[in-house]
Amino acid sequence: MADPVFKKLQLVGTSAKSFSDAAANAVDKAAETERHLSWFEVVELRGSVVEGKIHQYQVTVNLGARID
């Protein structure tokens with residue numbers, strides 16, 4: 001069997017609750033259409049502020065999907 005090859009996808013997940021939920025939302029959404037997801041890495045954390053309060057958490061993630 002040959003060594004695996006992966007494609008890398010970059011997504012931005014969002015959440016009103018936390019960075020963790022934002023990352024999970026990105027992975028969950030990708031899993032709806034991508035097969036063989038194997039790993040993720042957090043590239044960037046950021047968010048938006050409205051009226052002095054955190055409004056939204058945003059996480060940029062790279063996802064690795066094994067290619068058949």
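The questions and answers below concern a predicted model, taking its sheet, its helix and two of its residues in turn.

Me: In what order do the three strands of the open sheet stand?
Reply: The sheet is open, and its pairing is antiparallel. From one strand to the next, the twist averages 15°. The order of the strands is E1-E3-E2.

Me: Why is one side of strand E1 and of strand E2 left without a neighbour in the sheet?
Reply: Strand E1 covers residues 5–15 and strand E2 covers residues 37–50. Each has a single partner strand, so one side of each is left without a neighbour. The reason is thus the place of both strands, which is at the edges.

Me: How many bridges join E1 to strand E3?
Reply: Strand E3 spans residues 53–67 and runs antiparallel to E1. Across from Leu-9 stands Leu-63, a residue of E3. The number of bridges joining E1 to E3 is eleven.

Me: At about what angle to E3 does helix H1 run?
Reply: Helix H1 comprises residues 19–31. This helix lies across E1, E2 and E3. Relative to E3, H1 runs at about 40°.

Me: Is Ser-15 buried or exposed?
Reply: Ser-15 has its place in strand E1. Leaving out residues up to four places away in sequence, Ser-15 touches Asp-21, Ala-22, Asn-25, Gln-56 and Tyr-57. The relative accessible area of Ser-15 is 9%, and a residue under 20% counts as buried. Ser-15 is therefore buried.

Me: Which residue's backbone nitrogen does the side chain of Ser-15 reach?
Reply: The atom reached is a backbone nitrogen, and the distance is 2.9 Å. That nitrogen belongs to Lys-17.

Me: Is Asp-68 buried or exposed?
Reply: Asp-68 is found in the segment after E3. Its relative accessibility is 66%, and the class above 50% is reached when a residue is over that cut-off. Asp-68 therefore counts as exposed.

Me: What distance separates the C-alpha atoms of Asp-68 and Pro-4?
Reply: Along the chain, Asp-68 and Pro-4 are 64 residues apart. In the predicted model, their C-alpha atoms are separated by 8.1 Å.

Me: Which residue's side chain is joined to that of Asp-68 by a polar contact of 2.2 Å?
Reply: Beyond its neighbours within four places in sequence, Asp-68 is in contact with Arg-35 and His-36. A polar contact of 3.5 Å joins the side chain of Asp-68 to that of Arg-66. The polar contact of 2.2 Å joins the side chain of Asp-68 to that of Arg-35.

Note on methods:
Residues are numbered from 1 along each chain as its sequence is written. This is a predicted model: local features need pLDDT of at least 70, side-chain atom pairs count only at pLDDT 80 or more; totals for chains, interfaces and linings use all residues. Side-chain values use heavy atoms; hydrogens and water are left out. Two strands pair if DSSP finds at least two bridges between them. Helices (H or I, at least four residues) and strands (E, at least two) are DSSP runs, numbered from the N terminus. Axes are lines fitted to C-alpha atoms, for helices over the stretch in contact, and angles run from 0 to 180 degrees between N-to-C directions. Contact means heavy atoms within 4.5 Å. Buried means under 20% relative accessible area, exposed over 50%, partly exposed in between (1.4 Å probe, protein chains only). A polar contact is a pair of N or O atoms within 3.5 Å; within protein, one must be able to donate a hydrogen and the other to accept it, and residues adjacent in sequence count only if both atoms are side-chain atoms.
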